[in-house]
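Got a few minutes to poke around a fold together? Have a look at the chain first, then we'll go through some questions.

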Amino acid sequence: MTSPNDVAMGDGSPVDIHEPFTIEENISQLNAIDKSAVQLMSHAATALNSLTTPSSTSSPAEQGGSEINAHAAKEAFTQSTDAFLTALHDIDVRMKRQIMALEEASIVDLNSASRGDPNASAKASLRPNGLGAIGNLDVGWLNSRSTKVERDMEAELWDKARKLIESLAKDK
């Protein structure tokens, strides 16, 4: 499914649909996703602004047209939410394309076993799975169990304390 916000790739010549995107094309697509995210926020702001009520300090003549304003506000809200959902769908599709490109480049490994059932036993592999685990080892868990940083910091503090005491002893 194509969308009006898709970025055209290539020079118009017929290309094999299974040919991976180049780095430049992927960056261009990520830039388009970024621009769509800005549009997404704009649509959300417009929808929220259409729901706000006018201040109570308005004159009675302005309140007479409140029914017309309510209809216009409802129409603006409907259009903004439709545009918001369309932009959100476009971003979702393009992000999935980028994730598949990362899988094709073997940068991340999000095999179907890890997506389908998190409790399923995974095959032992040293390739990162994109979720912080390498094989059956969780790198985050291993890093949180290390005390090297704490020991180094403690050694630095003891060294600073020793220097401070030495400098105080020399002053006296």
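Here are some questions and answers on this predicted model.

Q: What pattern does the chain follow, read along the sequence?
A: Start with the tally: the chain has 6 helices and 2 strands. Put in sequence order, those elements read α-α-α-α-β-β-α-α.

Q: What percentage of the 172 residues in the chain is buried?
A: To count as buried, a residue needs a relative accessible area under 20%. Over the 172 residues of the chain, the buried share comes to 12%.

Q: How much of the accessible surface of the chain belongs to carbon and sulfur atoms?
A: The whole accessible surface adds up to about 13,900 Å². Of that area, the part belonging to carbon and sulfur atoms is 61%.

Q: Among contacts between residues at least 6 apart in sequence, what share joins residues at least 24 apart?
A: Contact here means heavy atoms within 4.5 Å. Take the pairs at least 6 apart in sequence, then keep those at least 24 apart, and the share is 54%.

Q: How far apart are the end C-alpha atoms of helix α1, and what span should its 29 residues have?
A: Helix α1 covers residues 23–51, and the rise to use is 1.5 Å a residue. That gives an expected span of 42 Å, which agrees with the distance between the end C-alpha atoms, 42 Å.

Q: Which residues of α1 are buried?
A: Again, the cut-off is a relative accessible area under 20%. In α1, the residues that meet it are Glu25, Asn26, Gln29, Ala32, Ile33, Ser36, Leu40, Ala47 and Ser50.

Q: Why can Lys96 and Asp92 be on one side of their helix, given that they lie 4 residues apart in α3?
A: The two residues both sit in helix α3 (residues 66–104), about one turn apart. Their side chains meet in a salt bridge, with N to O at 3.5 Å. An α-helix has 3.6 residues a turn, so residues three or four places apart point the same way.

Q: Is Lys148 buried or partly exposed?
A: Lys148 shares helix α6 (residues 148–171) with Asp152, 4 residues along, and their side chains form a salt bridge at 3.0 Å, N to O. The relative accessible area of Lys148 is 48%. Partly exposed covers values between 20% and 50%, so Lys148 is partly exposed.

Q: Which residues do salt bridges with shared partners join into one network?
A: Arg162 pairs with Glu166, their closest N and O atoms being 3.3 Å apart. These two are 4 residues apart in helix α6, about one helical turn. Through shared partners, the network takes in Asp159, Arg162, Lys163 and Glu166.

How values were computed: Residues are numbered from 1 along each chain as its sequence is written. This is a predicted model: local features need pLDDT of at least 70, side-chain atom pairs count only at pLDDT 80 or more; totals for chains, interfaces and linings use all residues. Side-chain values use heavy atoms; hydrogens and water are left out. Buried means under 20% relative accessible area, exposed over 50%, partly exposed in between (1.4 Å probe, protein chains only). Accessible areas come from the Shrake-Rupley method with a 1.4 Å probe; for residues, only the protein chains shown count as cover. The expected span of a helix is 1.5 Å times one less than its number of residues. A salt bridge is a side-chain nitrogen of Lys or Arg within 4 Å of a carboxyl oxygen of Asp or Glu.
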